[in-house]
Amino acid sequence: PPETRSAARARTRSGPAPVTDVAKLCVCDLLVAQCDVNCCCDPDCSAADFSLFTTCSVPIVTGDSHLCSQKAAIYSLDVEANPPERIFKLIDQVNPSVFCIAATNYKQALSFSSPEMPTPENFDQLLEQFRSASFSAEPDSWPMNTDAQSSSDANETFRYEYGVPIQTADAFLRLPSPVVSSWCSDANPAGFLVNQATKCTRSVSVEKCGNIQAASMLFYINSSILAVSTVNITVQSIVVQSLNGMRTSLNGSDVLRLPMILDELCINIVLGVSYHITYTDTGEIIEAAASFVLGAINKEALSIQQSFEISFTQVNTKPVPLSGNPGYVVGLPLRAGFRPQGYPSPVEILFAALVLNTNKYSQLTILQSTSNQDCLAAQGARTPVLFGYNMISGCKLRITAAMKCQPLTQTLLDLLKGQNFPEYVASFGNSQAQDVLDWVPITHLHTSEQRIYNTFQSSCQIPVSLEIEVKWTKYGSLVNPQARIVNVTATITTTTAKQLPSGRERTIPITSSVVFTDISAPAEPGYKAWPTINFKLPFDFFFPFV
């Protein structure tokens, strides 16, 4: 019937129910399971807490401001009541703008997802999908099954965002940490994508060996993580530490070792836990593993020091340590890489080890000074370039008339630049390999100094120094500026070496240096700076003031 078709079309235009419930949103709720002062939307606050509030720090909470019509939560305090009470109202707010969104009927646009990178395997599929002038992923009609819709909404609940505490079946994933003193507090939740490492002290005794929950492996793995599908925490590895500090890795990690008394010792006490979480680009946790360090205590021990760590890795990616988020942090290594063979166009910059196996995290490095200052003995010894730290290192090269020019030149180049000098440096501390514009190419320069060494039978140009200049600028807000690298220059300085009498030797200094230059432009206050006036004021101009 026509009325049925019109009703179906109306349901299609209206789209699904909004995914944001403003009554449950609370931007001032910062403390977990605690009441935030003057936060009238905090669900942890009771009527007694509201009676002590002086104002509502967030009086109105709304969703997307681009919607034509939306719900708004209004919070206020009735100070005339005895005791004062919180007043909550849920109203319909109309957007006065002519250009507004009538309905959020495209759910994929409500969150960001990493685009699929073209590869030789999926190129034809992506071409077929996006080859036309326009394309749409909107379904022909919305599902009317309310049960399926509720299930989908429940799944969305456990797609985590950055910093959100990771929920478990009983509470949240614990990452014990010191609060006021060095003693451990188990109330610290692990935040999604927040890498943390903590150390704290816990009271123990042999007599209570089996009764200390936080000293048992079960305390850290007995609860499942709430995700789209429940994720159990598996044991990845177990390392046993003796009383003298010697550590031994156990072959079988699937054996649960509980604290127990053996020969007046309490063994299998948890000394360290390291969580490793694997997630997808949509914020879904798919794997969780824990590595343990177990130890033993004797009757004299009154406390132990425990260490905890958590790290995150996106599925189908290799973990690469960051040097800031987004800007560089002073003291962290510069991230670098090169474009490998077979990539003529800048589609992707891949990380690589720069100095054999001594630099597995793709960092820019320079020559590391050694105690004996012998260049030939220092080959392969590298130190990472740390952001903001001006560095200089060097060694001494002893050469004779019997040395050949070409092999010596290549040896010195390898010594200064390393086995595989990078082509690019990340402009930000968290630049990803696929973001080509976030990588700064290294400019190579060559200079020659006038100093001449009498060494070879004919003149020979040998490299004697490598100077790296890193220009960076403050990027973003004046309140919280981020360090961004804009230019990197590597300058090789050569010198001329000539004939040296037979039987004589000469020592040449070889140096490497790094200089960081801040080229940030000063903030413009809205008017031009005052000009400099070259004029001498009379001696009594400021009289009677000094």
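A residue counts as buried when its relative accessible area is under 20%, and Phe-192, at 2% relative accessibility, is therefore a buried residue. The structure described here is a predicted model, and its chain contains 6 helices and 21 strands. This briefing begins with the chain as a whole, then turns to three strands that pair with one another, and ends with the aromatic rings.

**The chain as a whole**

- Of the 546 residues in the chain, buried residues make up 34%.
- The chain exposes about 33700 Å², and carbon and sulfur atoms supply 54% of that area.
- When contacts between residues at least 6 apart in sequence are considered, 65% of them join residues that are at least 24 apart.

**Strands S1, S2 and S3**

- Strand S1, which covers residues 60–62, pairs with strand S2, which covers residues 69–78, in the antiparallel sense over 3 bridges, and these two strands form a hairpin with 6 residues between them.
- Within this pairing, Val-61 has Ala-73 in S2 as its bridge partner.
- Strand S2 also pairs in the antiparallel sense with strand S3, residues 85–94, over 10 bridges, and S2 and S3 likewise form a hairpin with 6 residues between them.
- In the pairing of S2 with S3, Ala-72 stands opposite Ile-91.
- As a general point, the side chains of a regular strand alternate between the two faces of the sheet.

**An aromatic pair across S2 and S3**

- The chain has 12 aromatic pairs, and one of them is formed by Tyr-75 and Phe-88, whose ring centres lie 5.2 Å apart and whose planes meet at 40°, so the pair is tilted.
- Tyr-75 belongs to strand S2 and Phe-88 to strand S3, so that this pair links parts of the chain 13 residues apart.
- Tyr-75 counts as buried because its relative accessibility is 4%, whereas Phe-88, with a relative accessible area of 36%, is partly exposed.

**An aromatic pair between two loops**

- Tyr-160 and Phe-192 form another tilted pair, because their ring centres are 5.7 Å apart and their planes stand at 35°.
- Tyr-160 lies in the loop between helix H4 (146–157) and strand S4 (177–178), while Phe-192 lies in the loop between strand S5 (184–185) and strand S6 (196–203), and the two residues are 32 residues apart.
- Tyr-160, at 5% relative accessibility, counts as buried, and Phe-192 is buried as well, at 2%.
- Ring pairs link Tyr-160 and Phe-192 with Tyr-279 and Phe-312 into a cluster.

Conventions:
Residues are numbered from 1 along each chain as its sequence is written. This is a predicted model: local features need pLDDT of at least 70, side-chain atom pairs count only at pLDDT 80 or more; totals for chains, interfaces and linings use all residues. Side-chain values use heavy atoms; hydrogens and water are left out. Two strands pair if DSSP finds at least two bridges between them. Helices (H or I, at least four residues) and strands (E, at least two) are DSSP runs, numbered from the N terminus. Buried means under 20% relative accessible area, exposed over 50%, partly exposed in between (1.4 Å probe, protein chains only). Contact means heavy atoms within 4.5 Å. Accessible areas come from the Shrake-Rupley method with a 1.4 Å probe; for residues, only the protein chains shown count as cover. Rings of Phe, Tyr and Trp (its six-membered ring) pair if their centres lie within 6.5 Å; planes under 30 degrees apart count as stacked, over 60 as edge-to-face and the rest as tilted.
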